[in-house]
Amino acid sequence: MGNAGLLLVNTLVNLYIFLLMLRFLLQASQADYYNPISQSVVKITQPAVRPFQGFLGPVLGRFDLATLAAGFVIKAVSIVMILQMAGFGMAPVAAVAIGAVAALANAILKIYFFALIAMIILSWVAPNASHPGALLVMQLVEPIMAPLRKVIPPLGMIDLSPIVAFIAISLIDGIVVGSLTRAAGVAGALVGL
């Protein structure tokens, strides 16, 4: 398989990881389970999560460990397979594990980044939108925005808390995910979208 094929496989795996982490964050933020978009995400990801639900048990508080485990295993297996097909041989287990954790963190940060952009746009064009997508975006970002709004009060009609959230996302991405990616070595090259 050529480089383009490997890139395509890695992109498809990363998109599925993105959906798995979206499912994880929707559950963690206690977003409306009966929202049609939530239902679609659950249906798409359920085949991968189902095997882990049996032995990991129920959800731990608001956190679905089975979804995290499914994402970790899928990414780790894809890293091993892609490196094998690319001719790099077997990467160290620790590097594969670190690369998989970095990929999950990267997906979570990307989801929050895009959700914050959507929230800002919605606040300008449709502040009281009742579309299922708009409601889901607001429910997704509220757990990270509420504490920021307590610390940073709005200046008249201007809310500065999304700027702080973007800075935090950039810092976490640069410091934590960047460090994990470098620690993973060649496996770290397969982390992001």
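A salt bridge is here a side-chain nitrogen of Lys or Arg within 4 Å of a carboxyl oxygen of Asp or Glu. The model is predicted, and a search of the whole structure finds 2 salt bridges.

**Salt bridges**

In one of them, the side chains of Asp64 and Arg23 meet at 3.9 Å, N to O. Asp64 lies in the loop between helix H2 (36–56) and helix H3 (65–86), and Arg23 lies in helix H1 (residues 3–28), so the pair ties together parts that are 41 residues apart in sequence. Asp64 is buried because its relative accessible area is 4%, under the 20% cut-off for that class. Arg23, at 8% relative accessibility, counts as buried as well.

Glu142 forms a salt bridge with Arg149, and the closest N and O atoms are 3.1 Å apart. Glu142 counts as partly exposed, with 36% relative accessibility. Arg149 is partly exposed too, with a relative accessible area of 30%. The table sets out the two pairs.

| Salt bridge | N to O distance | Relative accessible area |
|---|---|---|
| Asp64 and Arg23 | 3.9 Å | Asp64 4%, Arg23 8% |
| Glu142 and Arg149 | 3.1 Å | Glu142 36%, Arg149 30% |

**The largest pocket**

Glu142 and Arg149 also appear in the lining of the largest pocket, which has a volume of about 290 Å³. Besides this pair, the lining holds Met119, Ile120, Ser123, Trp124, Met138, Met157, Ile158, Asp159, Pro162 and Ile163. By class, the lining has 8 nonpolar, 1 polar and 3 charged residues. Asp159 is a charged residue of the lining, while Ser123 is the polar one.

Helix H4, helix H5 (132–151) and helix H6 (161–184) each supply at least two residues of the lining. H4 gives the most, with 4 residues.

**A nonpolar surface patch**

Trp124 belongs to the pocket lining and is also one of the residues of a nonpolar surface patch. The patch covers about 640 Å² and is made by Phe113, Phe114, Ile117, Ile121, Trp124 and Val125. Val125 has its place in helix H4 (residues 93–125). Val125 is exposed because its relative accessible area is 64%, and the cut-off for that class is over 50%.

**Points in common**

Trp124 is found both in the patch and in the lining of the largest pocket. Glu142 and Arg149 join a salt bridge to that same lining. The pair of Asp64 and Arg23 is made of residues that are buried.

How values were computed. Residues numbered from 1 in each chain as written. Predicted model: local features only at pLDDT ≥ 70, side-chain atom pairs only at ≥ 80, totals over all residues. Heavy atoms only, no water. Patch = residues over 30% accessible without salt bridge, like charges linked within 9 Å, V, L, I, M, F, W, Y side chains within 5 Å. Areas by Shrake-Rupley, 256 points an atom, 1.4 Å probe, with all protein chains shown as cover. Buried < 20%, exposed > 50% of the residue type's maximum accessible area, 1.4 Å probe, protein only. 1 Å grid on protein atoms, 1.4 Å probe; cavity = no way out; pocket = protein on both sides within 12 Å on 5 of 7 lines; lining within 4 Å. Points joined across faces, edges and corners; volume = space filled by probe spheres on them.
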